[in-house]
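Me: I am new to this structure and would like a close look at a single part of it. Please take me through the place where two helices meet, and then through what lies around it.

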Amino acid sequence: MTVRPPSAIHRLSPSARLLGVLALSPILGLTACSSPRRADAGLAMPQNHLITQDRSASGGDDQIGKSGVNAYLWRGAIDTLSFMPFASADAIGGVILTDWYTPPATKNERFKITAYVLSRNLRSDALRVSVFRQAFTDGQWVDTPVAPNTVSDITTRILIRARQLRADNGGGK
(Lines give C-alpha, C1' and ligand atoms only; values in the text may rest on other atoms or scores of the structure.)
Protein backbone atom coordinates (compact mmCIF):
# COMPACT_ATOMS: atom_id res chain seq x y z
CA MET A 1 0.00 0.00 0.00
CA THR A 2 1.37 3.37 -0.99
CA VAL A 3 0.78 6.32 1.30
CA ARG A 4 0.63 9.69 -0.41
CA PRO A 5 1.22 13.01 1.33
CA PRO A 6 -1.89 15.17 1.54
CA SER A 7 -2.35 17.60 -1.30
CA ALA A 8 -2.24 21.33 -0.71
CA ILE A 9 -6.01 21.61 -1.15
CA HIS A 10 -6.62 19.41 1.89
CA ARG A 11 -4.45 21.65 4.08
CA LEU A 12 -6.74 24.62 3.39
CA SER A 13 -9.63 25.41 5.70
CA PRO A 14 -13.05 24.32 4.43
CA SER A 15 -14.10 27.94 3.91
CA ALA A 16 -10.91 28.63 1.96
CA ARG A 17 -11.73 25.69 -0.33
CA LEU A 18 -15.24 27.11 -0.91
CA LEU A 19 -13.76 30.51 -1.74
CA GLY A 20 -11.35 28.78 -4.12
CA VAL A 21 -14.29 27.27 -5.95
CA LEU A 22 -15.94 30.71 -6.03
CA ALA A 23 -12.77 32.18 -7.52
CA LEU A 24 -12.58 29.52 -10.23
CA SER A 25 -16.28 29.46 -11.17
CA PRO A 26 -16.14 32.58 -13.42
CA ILE A 27 -13.05 31.21 -15.17
CA LEU A 28 -14.72 27.86 -15.78
CA GLY A 29 -17.85 29.65 -16.96
CA LEU A 30 -15.86 31.79 -19.40
CA THR A 31 -14.15 28.71 -20.75
CA ALA A 32 -17.52 27.09 -21.34
CA CYS A 33 -18.87 30.24 -23.03
CA SER A 34 -15.95 30.40 -25.46
CA SER A 35 -16.80 27.05 -26.97
CA PRO A 36 -16.39 27.00 -30.76
CA ARG A 37 -19.73 25.16 -31.03
CA ARG A 38 -21.54 28.39 -30.09
CA ALA A 39 -20.02 30.30 -33.00
CA ASP A 40 -20.61 27.43 -35.41
CA ALA A 41 -24.28 27.25 -34.45
CA GLY A 42 -24.78 30.85 -35.61
CA LEU A 43 -26.20 31.94 -32.27
CA ALA A 44 -25.98 35.59 -31.33
CA MET A 45 -23.74 36.38 -28.40
CA PRO A 46 -25.81 37.45 -25.38
CA GLN A 47 -25.73 41.11 -24.43
CA ASN A 48 -25.37 42.39 -20.90
CA HIS A 49 -28.47 44.59 -20.90
CA LEU A 50 -30.39 44.08 -17.69
CA ILE A 51 -32.89 46.86 -18.24
CA THR A 52 -34.07 48.87 -21.20
CA GLN A 53 -33.51 52.28 -19.63
CA ASP A 54 -30.43 53.52 -17.74
CA ARG A 55 -31.52 54.94 -14.39
CA SER A 56 -28.05 55.00 -12.85
CA ALA A 57 -28.20 58.76 -12.20
CA SER A 58 -30.18 57.96 -9.04
CA GLY A 59 -27.29 56.03 -7.49
CA GLY A 60 -27.86 52.63 -9.02
CA ASP A 61 -31.60 52.51 -8.51
CA ASP A 62 -32.02 49.93 -11.29
CA GLN A 63 -34.77 47.54 -10.28
CA ILE A 64 -36.40 44.42 -11.63
CA GLY A 65 -39.87 45.36 -12.81
CA LYS A 66 -41.89 46.93 -10.01
CA SER A 67 -40.00 45.08 -7.27
CA GLY A 68 -37.69 46.58 -4.67
CA VAL A 69 -34.76 44.50 -5.93
CA ASN A 70 -31.67 45.93 -7.63
CA ALA A 71 -31.26 44.12 -10.95
CA TYR A 72 -27.46 44.29 -10.88
CA LEU A 73 -27.20 42.88 -7.37
CA TRP A 74 -29.65 40.14 -8.30
CA ARG A 75 -27.73 39.15 -11.43
CA GLY A 76 -24.39 39.49 -9.62
CA ALA A 77 -25.61 37.07 -6.94
CA ILE A 78 -26.94 34.61 -9.53
CA ASP A 79 -23.67 34.73 -11.48
CA THR A 80 -21.47 34.40 -8.39
CA LEU A 81 -23.41 31.50 -6.89
CA SER A 82 -24.08 29.70 -10.18
CA PHE A 83 -21.54 26.95 -9.42
CA MET A 84 -23.95 25.71 -6.72
CA PRO A 85 -27.34 24.10 -7.40
CA PHE A 86 -30.25 26.47 -6.77
CA ALA A 87 -33.13 25.31 -4.61
CA SER A 88 -35.09 28.53 -5.19
CA ALA A 89 -34.58 31.92 -6.81
CA ASP A 90 -37.23 34.64 -6.52
CA ALA A 91 -36.28 37.78 -8.48
CA ILE A 92 -39.29 39.78 -7.28
CA GLY A 93 -38.66 38.98 -3.61
CA GLY A 94 -34.88 39.11 -3.99
CA VAL A 95 -34.20 35.72 -2.38
CA ILE A 96 -31.75 33.07 -3.61
CA LEU A 97 -31.53 29.73 -1.83
CA THR A 98 -28.94 27.22 -2.93
CA ASP A 99 -29.12 23.53 -2.30
CA TRP A 100 -26.30 21.73 -0.52
CA TYR A 101 -23.04 21.79 -2.46
CA THR A 102 -20.12 19.45 -1.82
CA PRO A 103 -16.80 20.78 -3.18
CA PRO A 104 -15.07 18.24 -5.46
CA ALA A 105 -11.94 18.22 -3.30
CA THR A 106 -13.78 17.24 -0.11
CA LYS A 107 -16.57 14.71 0.15
CA ASN A 108 -17.12 15.04 3.90
CA GLU A 109 -18.38 18.63 3.97
CA ARG A 110 -21.08 20.60 2.23
CA PHE A 111 -22.25 24.20 1.99
CA LYS A 112 -25.52 26.04 1.48
CA ILE A 113 -25.85 29.77 0.78
CA THR A 114 -28.81 32.12 1.14
CA ALA A 115 -28.64 35.57 -0.43
CA TYR A 116 -31.16 38.39 0.04
CA VAL A 117 -31.25 41.52 -2.13
CA LEU A 118 -32.89 44.04 0.21
CA SER A 119 -32.98 47.29 -1.72
CA ARG A 120 -33.16 48.99 -5.10
CA ASN A 121 -29.75 50.55 -4.51
CA LEU A 122 -26.44 49.06 -5.56
CA ARG A 123 -24.84 49.22 -2.11
CA SER A 124 -23.27 46.72 0.24
CA ASP A 125 -26.03 47.11 2.82
CA ALA A 126 -28.59 46.09 0.18
CA LEU A 127 -27.26 42.53 0.25
CA ARG A 128 -27.36 39.95 3.04
CA VAL A 129 -25.58 36.61 2.64
CA SER A 130 -25.68 33.60 4.97
CA VAL A 131 -23.41 30.57 4.56
CA PHE A 132 -24.12 27.25 6.20
CA ARG A 133 -21.59 24.42 6.50
CA GLN A 134 -22.02 20.81 7.54
CA ALA A 135 -19.41 18.11 8.08
CA PHE A 136 -20.07 14.38 7.77
CA THR A 137 -19.17 12.92 11.16
CA ASP A 138 -20.06 9.49 12.56
CA GLY A 139 -22.47 8.76 9.73
CA GLN A 140 -24.46 12.01 9.90
CA TRP A 141 -24.25 15.62 8.77
CA VAL A 142 -23.40 17.99 11.63
CA ASP A 143 -23.63 21.80 11.49
CA THR A 144 -20.20 23.42 11.81
CA PRO A 145 -19.13 27.08 11.63
CA VAL A 146 -17.63 28.67 8.55
CA ALA A 147 -14.54 30.85 8.66
CA PRO A 148 -15.34 34.42 9.82
CA ASN A 149 -14.38 36.01 6.50
CA THR A 150 -16.37 33.65 4.26
CA VAL A 151 -19.60 35.68 4.25
CA SER A 152 -17.81 38.98 3.64
CA ASP A 153 -15.71 37.45 0.83
CA ILE A 154 -18.79 36.09 -0.96
CA THR A 155 -20.62 39.39 -0.46
CA THR A 156 -17.64 41.25 -1.94
CA ARG A 157 -17.57 38.95 -4.98
CA ILE A 158 -21.29 39.54 -5.58
CA LEU A 159 -20.83 43.33 -5.29
CA ILE A 160 -17.86 43.29 -7.67
CA ARG A 161 -19.89 41.31 -10.22
CA ALA A 162 -22.90 43.64 -9.83
CA ARG A 163 -20.73 46.72 -10.39
CA GLN A 164 -19.14 45.06 -13.42
CA LEU A 165 -22.60 44.34 -14.87
CA ARG A 166 -23.63 47.95 -14.28
CA ALA A 167 -20.49 49.28 -15.97
CA ASP A 168 -20.98 46.89 -18.91
CA ASN A 169 -24.52 48.19 -19.30
CA GLY A 170 -23.35 51.80 -19.50
CA GLY A 171 -24.37 52.61 -15.94
CA GLY A 172 -21.25 54.54 -14.99
CA LYS A 173 -19.12 53.93 -11.94
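Reply: What follows begins with the whole chain, turns to one pair of helices, and ends with a few single residues.

This is a predicted model, in which local features need pLDDT of at least 70 and side-chain atom pairs count only at pLDDT 80 or more, while totals for chains, interfaces and linings use all residues. Residues are numbered from 1 along each chain as its sequence is written, and side-chain values use heavy atoms, with hydrogens and water left out.

The protein has 5 helices and 5 strands, where helices (H or I, at least four residues) and strands (E, at least two) are DSSP runs numbered from the N terminus. Read from the N terminus, these elements follow the order α-α-α-α-β-β-β-β-β-α. Of the 173 residues, 35% count as buried; buried means under 20% relative accessible area, exposed means over 50%, and partly exposed lies in between, for a 1.4 Å probe and protein chains only. Among contacts between residues at least 6 apart in sequence, 51% join residues at least 24 apart, a contact being heavy atoms within 4.5 Å.

The part to look at closely is the packing of helix 4 (residues 71-81) on helix 5 (residues 150-168), at an angle of about 120° and with the axes 8 Å apart. The axes are lines fitted to C-alpha atoms, for helices over the stretch in contact, and angles run from 0 to 180 degrees between N-to-C directions. Helix 4 is therefore oblique to helix 5, since angles under 35 degrees count as roughly parallel, over 145 as roughly antiparallel, 65 to 115 as roughly perpendicular and the rest as oblique. The crossing of helix 4 and helix 5 is right-handed, the term for a near helix turned clockwise from the far one by less than a right angle, whereas anticlockwise would be left-handed.

On the side of helix 4, the residues that meet helix 5 are Tyr72, Leu73, Arg75, Gly76, Ala77, Asp79, Thr80 and Leu81, and their partners in helix 5 are Ile154, Arg157, Ile158, Leu159, Arg161, Ala162, Leu165 and Arg166. Sorted by class, this contact of helix 4 with helix 5 has 9 nonpolar, 2 polar and 5 charged residues; Ala, Val, Leu, Ile, Met, Phe, Trp, Tyr, Cys and Pro count as nonpolar, Asp, Glu, Lys and Arg as charged, and the others, Gly among them, as polar.

Two residues in strands lead on from this helix pair. Ile113, found in strand 3, is buried, with a relative accessible area of 0%, and the residues it touches, not counting those up to four places away in sequence, include Leu81, Ile154, Met84 and Val129. The C-alpha atoms of Ile113 and Arg133 are separated by 8.9 Å, although these residues are 20 apart along the chain. Phe86, in strand 1 (residues 86-90), is partly exposed, with a relative accessible area of 34%. Leaving aside neighbours within four places in sequence, Phe86 is in contact with Ile78, Leu81, Ile96, Leu97, Thr98 and Asp99.

Thr114 also lies in strand 3 (residues 109-117) and is buried, with a relative accessible area of 7%. Beyond residues up to four places away in sequence, Thr114 touches Ile96, Leu97, Arg128, Val129, Ser130 and Phe132.
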